[in-house]
Amino acid sequence: MAEGDSIRRLAARLNSSVAGRDVIAARFRRGGEVPPRFDGDTLLTVAAVGKHLLMRFTSGRSVHSHLRMQGAWRIHRAGWRPGPAADRVGAWFDFGPPGVLAAHAMPVLQVLPTAREDLAVGHLGPDILTDDWPAAAPAVAAIPARRIREALLDQRNVAGIGNLWTVEGLFIAGVWPHAPAADVDVPKVLDVIARMMRLGLRHGTQSTTGNLRKGQTHWVYGRYRRPCRRCSAPIDFTAAGPGPYDRETWWCPHCQPGIG
Ligand SMILES: [Zn+2]
């Protein structure tokens, strides 16, 4: 899942494969407007900010993307061009021998001046994977009073945490996902999630149990009605609601008891 850790891994992969390379040919397809030209430009570096990816070019422009659930940056062999069914390729950059970097089904893809990246990421809270975490952690008072799971997913509070790490982190911390944030030890929960995400980043996995076998990778995520791995109680579930941070949630009613 494209959470902060996977975007960091993607940025690292692109930095080692195509950063520092010149663009031999490129197409930036966005309906209607005049497409920006990147031929002859050089990709300086690729940065991850929360769940956002920023590709910075020597021309002073940045390509901002957000993968959400379906987007992907893929490197194809040198000379690759999108076929006739490629309306889902939003942009491609041919770097010669390392290959062609292409944005597939990218829901957010835009070009901005590098000096104005704040237009894309300025609203974000501190990145949970930043080097100066936990010093950068937001003051709990700054986190609005609502359900803890929604507060964790709101990227304006903390950037980089997605639903997988929220669901699993709340289980490890023993916190009921529907609890009001004001009733929760938020620094402890953030500490648990930051540790889990760093471990995942280091080991290149989103397994939270340490087990890599299929069906064994998570404590509660996706495990409705299955027995809790700690106490055997059946895992509970709430479907996603209408709010932008009201995502589907799983929890153990015994290990994560409700308040009251
Ligand atoms: Zn349990």
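A pocket, as the word is used in these legends, is an open set of grid points with protein on both sides within 12 Å along at least five of seven lines, and its lining residues have an atom within 4 Å of a point. All the views below come from a predicted model.

**View 1. The second largest pocket and its lining.** Let's start with the residues around this space: Trp165, Ile172, Arg195, Met196, Leu199, Gly200, His203, Thr205, Ser207, Thr208, Gly210 and Leu212 line the second largest pocket. Its volume is about 230 Å³. Two helices, H4 (163–173) and H5 (186–203), each contribute at least two residues to this lining. The most comes from H5, which gives five residues. Sorted by character, the lining of the second largest pocket has five nonpolar residues, six polar and one charged.

**View 2. Ala182, in the loop between H4 and H5.** Moving along the chain, we find Ala182 in the loop that lies between these two helices. Is Ala182 buried or exposed? Ala182 counts as exposed because its relative accessibility is 62%, and the cut-off for that label is over 50%. If you would like a distance to check in your own viewer, try the C-alpha atoms of Ala182 and Ile148: they are separated by 8.1 Å, while the two residues sit 34 residues apart along the chain.

**View 3. The largest pocket, between two domains.** Here the space amounts to about 430 Å³. The largest pocket lies between domain 1 (4–121) and domain 2 (140–251), because both of them give residues to its lining. That lining is made up of 18 residues, and those nearest the centre of the pocket are Lys51, His66, Arg68, Gln155 and Arg247. By type, the lining of the largest pocket comprises seven nonpolar, six polar and five charged residues.

**View 4. The zinc ion and its four cysteines.** Which atoms coordinate the zinc ion? They are the SG atoms of Cys228, Cys231, Cys252 and Cys255, at 2.2 to 2.4 Å. The angles among the four donor atoms run from 98 to 114°, and the site of the zinc ion is tetrahedral. For anyone setting up a pattern search, the donors of the zinc ion are spaced along the chain as C-x2-C-x20-C-x2-C. Two of these ligands have a burial label worth adding to the picture: Cys252 and Cys255 are both buried.

Terms used
Residues are numbered from 1 along each chain as its sequence is written. This is a predicted model: local features need pLDDT of at least 70, side-chain atom pairs count only at pLDDT 80 or more; totals for chains, interfaces and linings use all residues. Side-chain values use heavy atoms; hydrogens and water are left out. Donors are N, O and S atoms within 2.8 Å of the metal (3.2 Å for Na, K and Ca); water is not among the atoms, so sites may look incomplete. Four donors count as tetrahedral if all angles lie between 85 and 135 degrees; four count as square planar and six as octahedral if opposite donors are over 155 degrees apart and all others between 65 and 115; anything else is irregular. Buried means under 20% relative accessible area, exposed over 50%, partly exposed in between (1.4 Å probe, protein chains only). On a 1 Å grid over the protein atoms alone, a cavity is a set of points where a 1.4 Å probe fits but cannot get out, and a pocket is an open set with protein on both sides within 12 Å along at least five of seven lines; lining residues have an atom within 4 Å of a point. Grid points are joined across faces, edges and corners, and a volume is the space filled by probe spheres set on the points. Ala, Val, Leu, Ile, Met, Phe, Trp, Tyr, Cys and Pro count as nonpolar, Asp, Glu, Lys and Arg as charged, and the others, Gly among them, as polar. Domain bounds come from an automatic or database domain assignment. Helices (H or I, at least four residues) and strands (E, at least two) are DSSP runs, numbered from the N terminus.
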